[in-house]
Amino acid sequence: MVTVIHPNLDDTEAKMSARDVSVFYGDKMAIDHVSIDIPTKYVTAFIGPSGCGKSTFLRTLNRMNDTIPSARVEGEIVLDGEDIYRSKMDVVQLRARVGMVFQKPNPFPKTIYENIAYGPRIHGLAEGKQELDAIVETSLQRAGLWNEVKDRLEDSGTALSGGQQQRLCIARAIAVDPEVILMDEPCSALDPIATAKIEELIDELNGRYAIVIVTHSMQQAARVSQRTAFFHLGKMVEYGRTSDIFTNPLEERTKDYITGRYG
Amino acid sequence: MSLTILLLLALGLGLAGWLAARSRAWAFRRASGASAMAALPSYHGWYVALWIVVPMVLFIALWSIVGPHLVSQHVLASPAAADLPAFGFQRESMLAEARAVAMGTAPAVFNDQARALVEPYREAIGRYQAIGIVVTLILGFLGGVWAFLRIKPDFAARTRVERTIMVVLLLASLVAILTTLGIFASLVFETIRFFGMVNPIDFLFGTHWGPDPMSSAANPDPSRYGAIPLFWGTIYIGAIIAMIVAIPLGLMSAIYLTQYARPSVRAWVKPALEILAGVPTVVYGYFAALTVAPAIRDLALAAGMSNPSSESALAAGLVMGVMIIPFVSSMADDSIAAVPQAMRDGSLAMGATTSETIRRVLVPAALPGIVAGIMLAISRAIGETMIVVMAASTAANLSANPLEAMTTVTVQIVAMLTGEGSFDHPATLSAFALGFVLFLVTLGLNFIALRVVKRFREAYE
Ligand SMILES: Nc1ncnc2c1ncn2[C@@H]1O[C@H](COP(=O)(O)OP(=O)(O)OP(=O)(O)O)[C@@H](O)[C@H]1O
Ligand SMILES: [Mg+2]
């Protein structure tokens with residue numbers, strides 16, 4: 001079963017490309033020969049029913065699957081033309097270039113400042129205190145959190161509200177100036193207002209970073225993304241412009257899923 | 001002998017009451033239907049059985065305390081006791097001899113005067129035993145009859161049985177608490193006696209320790225009761241040398257086990273470490289005294305020290321540190337494992353390596369738990385007795401040289417209690433004051449540690 005690619009998808013520039021990627025947990029296949037080009041200047045949404053492998057595939061893009069002993073990846077994934085699974089690839093560098101935001105906000109039990117400074121410190125991005133301060137400030141500003149926390153940078157990151165924590169995590173990812181940001185259901189633990197703020201933020205970050213977002217909300221995918229990939233049972237069923245996928249799905253399963261008739 | 005029989009009798013009567021009550025309840029149930037009954041028949045059985053057994057057992061317990069007093073009073077009132085010596089010790093031993101013969105635990109008396117007492121004893125024992133048995137039986141019977149008569153269809157036997165069970169469980173838990181309080185009270189009592197003879201200031205801040213149990217008990221020399229060298233030895237061995245060994249090793253093994261070890265490795269390394277915690281401390285004591293201490297002495301000789309001590313603080317501390325490793329590592333292991341996986345993922349996703357993640361995220365996040373584990377370990381180490389008794393010396397030394405012999409609070413407690421001093425000599429009593437200080441310190445450490453752990457748990461819930 002090959003993926004259906006929409007005819008009027010005319011992306012020329014791909015930030016990341018996957019070629020025939022399969023992922024196994026032990027003997028169990030979780031991703032089955034998926035190929036996709038992630039565009040540089042757009043937000044790409046992964047949608048699909050629970051357990052279809054969205055998170056698994058997302059995690060192959062920054063090799064977070066390496067942390068799961070039983071996981072094994074086959075196929076090729078390139079970032080700017082370089083195979084990220086080649087043996088000489090520096091995973092530390094890769095993850096600095098491909099950042100990740102998780103489903104549940106996971107700020108470190110440190111101060112807000114230290115949370116943001118974490119990445120720049122381990123990657124040696126700042127020369128002195130002033131540069132670090134500047135990075136912290138711009139990151140928080142880009143994440144739309146600066147005005148809310150600028151007077152309490154020394155408070156614990158865990159003392160923020162859920163939505164603020166999630167924006168803190170986005171700011172933390174931005175602080176190392178990545179090229180790609182992966183977000184795995186970043187709003188599923190948040191209320192509608194906090195969700196709206198994050199969506200707004202994604203809109204603002206769009207264009208500066210290549211963004212991939214996993215979501216269970218059709219509306220969210222339609223609102224924030226320009227490209228959508230529909231996954232089902234470990235396969236990528238359909239991929240195209242978000243508007244095309246939602247108005248004119250070519251596959252029966254896609255149609256069923258986006259109209260809520262699935263399952 | 002008769003005690004066992006009596007207890008068996010109580011149980012037998014209880015069983016009979018249980019059966020009788022249950023069949024009576026069944027009769028009610030058949031007559032008025034199951035729904036009219038407030039409790040299952042067996043609850044009625046238990047209710048009556050409890051009313052039989054509990055009064056009997058309580059009385060048996062009471063009688064086995066009061067009975068012997070009544071017996072000896074009876075004997076002392078008899079004419080044969082009139083010409084007993086008035087002096088305490090001899091008198092007591094004669095009475096004890098006569099009692100032993102009367103009860104059949106000794107074959108014959110050595111002392112003629114005691115012989116005259118055997119007969120009164122035998123008579124008194126027989127009489128009070130009979131009284132005890134009769135009263136016990138009457139109590140059981142009365143309790144049983146009273147409870148039996150209360151059985152009615154609407155009698156809430158179940159609630160009452162439940163309540164009784166709750167009271168029994170409560171009493172069981174009170175035993176531990178009351179014992180602790182009792183220990184504490186006796187410790188305080190003896191400590192106060194000691195401080196009546198030696199000024200607490202001299203004791204707590206004096207720097208010379210050398211109680212002489214043979215000196216006059218009436219006016220002890222307060223300058224010989226300065227406990228600072230003991231406190232120092234305890235801290236130096238238990239909280240410094242032992243921790244220098246235990247903290248890094250325990251922490252590193254916890255980190256290895258939680259972060260690097262494959263599940264199959266963890267599955268046998270962790271239990272192996274925990275077995276270390278189960279080794280009797282006297283075995284460590286052998287190891288310290290017979291292997292480590294001589295090795296350290298040889299090393300010191302080889303390094304050119306003249307006449308090094310064969311019992312060094314270092315030997316005791318090192319071995320104690322090894323003993324403490326599992327305490328540190330299992331607490332650290334638990335608290336590192338309690339840091340949510342999301343923290344670790346978050347850090348790895350930022351491009352941190354495993355060791356950076358451990359150093360910068362996991363250990364700081366787990367720090368309260370780790371610190372609490374260390375405090376529990378210290379409190380364990382300073383209360384440890386066997387290793388230091390075997391490997392440290394009894395010479396009180398205020399020195400920073402780990403190769404010198406030193407003594408600890410626990411060693412001195414043992415030394416003072418087993419020394420030649422009479423029981424109310426200040427040298428002996430000083431053991432209680434030392435124990436009291438140790439008790440307070442370990443209690444404080446444990447208290448703080450538990451608070452820290454609790455706060456830490458809350459942070460992640
Ligand atoms: N660590 C793991 N070990 C073994 N199997 C796993 C692991 N993680 C995921 N899987 C399996 O891989 C498949 C895909 O899981 P994945 O988490 O990628 O789904 P998902 O699309 O993200 O689902 P959801 O929408 O519920 O998050 C599932 O069948 C899941 O059981
Ligand atoms: Mg998922």
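This briefing describes the surroundings of ligand 1 and a surface patch on chain B. The structure is a predicted model. Ligand 1 has 13 residues around it, and the protein covers 63% of the 630 Å² of accessible area that ligand 1 has on its own. On chain B, eight named side chains are listed below as the makers of a nonpolar surface patch.

**Residues around ligand 1**

- Among the 13 residues of the shell, those that come nearest to ligand 1 are Ser50(A), Gly51(A), Ser55(A), Thr56(A) and His216(A).
- By character, the shell consists of six polar, four nonpolar and three charged residues.
- Strand S3 (28-39) and helix H1 (54-60) of chain A are the elements that give two or more residues to this shell.
- H1(A) supplies the largest share, namely three residues.

**Polar contacts of ligand 1**

- Thr56(A) places a polar side-chain atom 2.4 Å from an oxygen atom of ligand 1.
- Gly51(A) takes part through its backbone, where a polar atom is 2.8 Å from an oxygen atom of the ligand.
- Gly53(A) also uses a polar backbone atom, and the distance to an oxygen atom of ligand 1 is 3.0 Å.

**Nonpolar surface patch on chain B**

- The patch has an area of about 730 Å².
- Its members are Met166(B), Val167(B), Leu170(B), Leu171(B), Leu174(B), Ile177(B), Leu178(B) and Leu181(B).
- One of these residues, Leu178(B), belongs to helix H5 of chain B, which comprises residues 157-197.

Conventions. Residues are numbered from 1 along each chain as its sequence is written. Chains are lettered from A and ligands numbered from 1 in the order in which they are written. This is a predicted model: local features need pLDDT of at least 70, side-chain atom pairs count only at pLDDT 80 or more; totals for chains, interfaces and linings use all residues. Side-chain values use heavy atoms; hydrogens and water are left out. Patches are made of residues with over 30% relative accessible area and no salt bridge: like charges are joined within 9 Å, nonpolar side chains (Val, Leu, Ile, Met, Phe, Trp, Tyr) within 5 Å. Accessible areas come from the Shrake-Rupley method with a 1.4 Å probe; for residues, only the protein chains shown count as cover. A salt bridge is a side-chain nitrogen of Lys or Arg within 4 Å of a carboxyl oxygen of Asp or Glu. Helices (H or I, at least four residues) and strands (E, at least two) are DSSP runs, numbered from the N terminus. A residue is near a molecule or strand if one of its heavy atoms lies within 4 Å of it. A polar contact is a pair of N or O atoms within 3.5 Å; within protein, one must be able to donate a hydrogen and the other to accept it, and residues adjacent in sequence count only if both atoms are side-chain atoms. Ala, Val, Leu, Ile, Met, Phe, Trp, Tyr, Cys and Pro count as nonpolar, Asp, Glu, Lys and Arg as charged, and the others, Gly among them, as polar.
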